[in-house]
Amino acid sequence: MPQTVLITGTGRSYALGFNLVKRYLEHGDTVFASIRRPSEALEELQKEYSHTLHILTMDIASTESVNAAAKEAEKMTDALDLIINNATIASEDTMKELPDFDLDLIAPAVNVGAVGPIRVLKAFLPLLKKSRIGALVANISSEAGSIGRCYRTYYLDYATEKAALNMLTMTMRNYFKDDPNLNILCIHPGWIRTNPDNSEAPLDPYEHAETLRLLFETKRHDKESPVFITYTGEPYPW
Ligand SMILES: NC(=O)c1ccc[n+]([C@@H]2O[C@H](COP(=O)([O-])OP(=O)(O)OC[C@H]3O[C@@H](n4cnc5c(N)ncnc54)[C@H](OP(=O)(O)O)[C@@H]3O)[C@@H](O)[C@H]2O)c1
């Protein structure tokens, strides 16, 4: 049965969000793809999927912008079955260590990478509640957000936002624990070739998007297995 999906951070053709959009469209689903600035790649894709791809402008750092996007979506659909919170940010100092890192860059990163996904969940909750197949919220986290496995001396912004995202995901899992129609998880998606700096990464974004799509389908009603998982479905230490 076709579903309706919202994916954030989808404007870059080489990155994970755009490739997830492609996979869901190819599978016959309806996709709300959110961007914060115009994307030629997405506009090109919309020519092919004019009935099933809706482009939403949404800055997840802004409650006003997210609420406005949710209102826009409500004009086009009466339900949402899946949200993939994929958008994220890392500052220009992300590879620096304490002496050189501008600490004022951490809070804005947390606002995007951790608060942003929960802002999206809150604003789109009325649509999620109307899912006929049971809604899932998949927060794309990272191994970098694991406190137990932390070995780095950099990523002060990125690792903090992902750790905070994990905490918020667990808190939401607790909050919705008695709701049989809504599940939430966070996932380390693996090391993916999503930019020129990680060309040695083993995972191709288009191929890997399908792996994630198939995994998410097994998680819709699964409230028993671990909340923070890898792309193979294994638990990852918090
Ligand atoms: N690539 C990997 O190996 C890897 C490993 C572990 C985890 N992850 C996670 O996987 C996800 C996708 O990774 P990626 O490498 O494909 O990401 P990416 O290329 O960095 O793309 C992130 C997207 O988020 C958007 N974004 C940033 N700030 C935003 C805001 N305020 N509002 C709305 N959108 C915003 C960006 O939009 P603009 O295009 O407008 O800048 C961009 O499209 C991320 O959550 C990342 O942390 C990736």
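Four worked exercises on the sheet, the helix packing and the ligand shell of a predicted model follow.

The model is predicted: local features need pLDDT of at least 70, side-chain atom pairs count only at pLDDT 80 or more, and totals for chains, interfaces and linings use all residues. Residues are numbered from 1 along each chain as its sequence is written.

**Exercise 1. Work out the strand order of the sheet and name its edge strands.**

Step 1. Take helices (H or I, at least four residues) and strands (E, at least two) as DSSP runs, numbered from the N terminus. Two strands pair if DSSP finds at least two bridges between them.

Step 2. Read the order. The open sheet has 7 strands, β3-β2-β1-β4-β5-β6-β7, with parallel pairing.

Step 3. Find the edges. β3 (53–57) and β7 (228–230) each pair on one side only.

Step 4. Add the twist. From one strand to the next it averages 20 degrees.

Step 5. Check one pair. β1 (residues 4–7) and β4 (residues 82–85) run parallel over 3 bridges. V5 stands opposite L82 in β4.

**Exercise 2. Describe how α4 packs against α5, and place α5 on the sheet.**

Step 1. Two packed helices are described by the angle between their axes and the distance between the axes. Axes are lines fitted to C-alpha atoms, for helices over the stretch in contact; angles run from 0 to 180 degrees between N-to-C directions.

Step 2. The axes of α4 (residues 106–128) and α5 (residues 158–175) come within 8 Å and cross at roughly 25 degrees. Therefore α4 is roughly parallel to α5 (angles under 35 degrees count as roughly parallel).

Step 3. Assign the hand. The crossing of α4 and α5 is right-handed (the near helix is turned clockwise from the far one by less than a right angle).

Step 4. List contacts (C-beta atoms, placed from the backbone, within 7 Å). From α4, residues including I106, V110 and L121 take part; from α5, Y158, L165 and M172 are among them.

Step 5. Sort by class. The contact of α4 with α5 has 12 nonpolar, 2 polar and 2 charged residues. Here Ala, Val, Leu, Ile, Met, Phe, Trp, Tyr, Cys and Pro count as nonpolar, Asp, Glu, Lys and Arg as charged, and the others, Gly among them, as polar.

Step 6. Turn to the sheet. α5 lies across β5 (135–140), β6 (182–188) and β7, at about 160 degrees to β6.

**Exercise 3. Give the packing of α3 on α4, then of α1 on α6.**

Step 1. The axes of α3 (residues 63–74) and α4 come within 9 Å and cross at roughly 25 degrees. So α3 is roughly parallel to α4. Their crossing is right-handed.

Step 2. V66 and A70 in α3 are among the contact residues, as are V120 and F124 in α4. The classes are 7 nonpolar, 2 polar and 2 charged.

Step 3. α1 (residues 16–26) and α6 (residues 205–217) pack at about 60 degrees, with axes 8 Å apart. This crossing is right-handed.

Step 4. Contact residues include L16 and Y24 in α1, and Y206 and L212 in α6. The contact of α1 with α6 has 7 nonpolar, 1 polar and 4 charged residues.

**Exercise 4. Characterise the residues around the ligand.**

Step 1. Apply the cut-off: C-beta atom, placed from the backbone, within 6 Å of the molecule.

Step 2. Of 26 residues around the ligand, G9, A15, A87, T88 and T194 come nearest.

Step 3. Classify the shell: 12 nonpolar, 10 polar and 4 charged residues.

Key: Parallel < 35°, antiparallel > 145°, perpendicular 65-115°, else oblique. Contact = placed C-beta atoms within 7 Å.
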